[in-house]
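Visitor: I should like to go through this structure step by step. Could you show it, please?
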Amino acid sequence: MPPLGLLHMRAWASLFNRLLRPSGVVCIREVHFHSQDFDIAGQFDPMIPDAECLKIMCEILSGLQLGDFLIKISWNDVRHEMVARKGLAPEVADRIGDYIQCHGGVSLVEEMFQDSILSQNKQAIEGLGDLKLLFEYLTLFGIAEKISFDLSLARGLDYYTGVIYEAVLLQTPAQAEESLNVGSVAAGGRYDGLVGMFDPKGHKVPCVGFSIGVERIFAIVEQRMKTSGQKIRTTETQVFVATPQKNFLHERLKLISELWDAGIKAELLYKNNPKLLTQLHYCEHMGIPLAVIIGEQELKEGVIKLRSVASREEVAIKRENLVAEIQKRLSES
């Protein structure tokens with residue numbers, strides 16, 4: 001994916017107490033959350049950056065393997081947008097309101113094109129044309145089946161000026177019972193007027209983007225792992241280097257260096273003479289799958305004990321074969 005956007009991590013201890021909006025300064029509540037954002041800023045042809053944002057959102061949610069999902073798209077505050085800002089007659093906006101009960105793909109857009117009232121209004125036709133174009137690009141990206149045109153969707157922020165979207169996870173009844181109700185896991189849209197509000201000269205900078213709800217996703221993953229009995233690992237360590245002997249720090253350091261040089265993620269306790277039981281308990285607590293144990297007897301025989309932390313089974317491996325055996329086990333796990 002070309003780097004068209006500005007990707008950054010936001011970790012807000014407190015979101016702005018006061019958010020500047022087109023209608024003035026509005027007080028909002030403090031919000032504490034972590035989100036991953038992707039935004040595209042600049043003047044481009046219609047719907048191309050919007051489609052790319054939806055493509056990237058699909059790639060992220062698919063890569064996280066959270067299960068099946070659906071991205072709903074709409075206009076923000078449909079009737080107000082159509083009447084107050086787009087100049088549509090109230091009866092036209094009300095006709096659009098009839099469609100709020102519907103949801104679907106490009107077929108729904110085509111149906112609205114055929115509506116006798118909407119088809120007579122220039123602004124409505126332009127908006128529907130943009131949506132049709134968007135679905136054309138989404139089809140080319142291979143994600144149209146993940147997108148639902150849903151006019152009941154509305155975002156809570158006033159600065160959105162066009163297409164908005166929100167991703168929700170699709171769950172079976174069993175999954176719904178065991179999962180947290182976190183709402184959407186990603187959301188965004190077009191906000192062409194927001195950046196210009198902070199420019200003294202009022203230059204317009206069209207923008208479109210979205211946020212991935214990192215904390216919500218963490219909550220879902222943790223809940224699912226807890227339900228399935230999986231241990232939540234807080235480290236990527238693959239192998240722990242241990243010893244039952246005192247004064248064996250040098251040997252542990254030489255051994256862990258060999259593992260690091262082979263690209264194996266290994267660690268040891270930063271103590272000269274840790275107790276073996278303490279080291280093994282640490283492996284179990286952290287969910288480290290393998291431990292290698294070196295002592296005087298192993299050093300004398302030219303072997304290393306390789307221990308499966310889960311089963312507690314140990315085998316003696318010749319030192320020259322240790323890296324290959326570890327890599328084999330890791331590839332099979």
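Visitor: Are the residues on the two faces of β8 buried or exposed?
Guide: On one side Val163, Tyr165, Ala167 and Leu169 are buried, and on the other side Ile164, Glu166 and Val168 are buried as well. Buried means under 20% relative accessible area, exposed over 50% and partly exposed in between, with a 1.4 Å probe and protein chains only. This is a predicted model, in which local features need pLDDT of at least 70, side-chain atom pairs count only at pLDDT 80 or more, and totals for chains, interfaces and linings use all residues. Residues are numbered from 1 along each chain as its sequence is written, and side-chain values use heavy atoms, with hydrogens and water left out.

Visitor: Why is β8 described as largely enclosed?
Guide: Because seven of the seven residues of strand β8 (residues 163-169) are buried, the strand is largely enclosed by the rest of the structure. Strands (E, at least two residues) and helices (H or I, at least four) are DSSP runs, numbered from the N terminus.

Visitor: In which sense do β8 and β9 pair?
Guide: Antiparallel, over four bridges, with β9 spanning residues 186-190; pairing requires that DSSP find at least two bridges between the strands. Ala167 stands opposite Ala186 in β9.

Visitor: Changing topic, how many aromatic pairs are found in the whole structure?
Guide: Two. One of them is Phe240 with Tyr282, a tilted pair at 5.5 Å centre to centre and 50° between the planes. Rings of Phe, Tyr and Trp (its six-membered ring) pair if their centres lie within 6.5 Å; planes under 30 degrees apart count as stacked, over 60 as edge-to-face and the rest as tilted.
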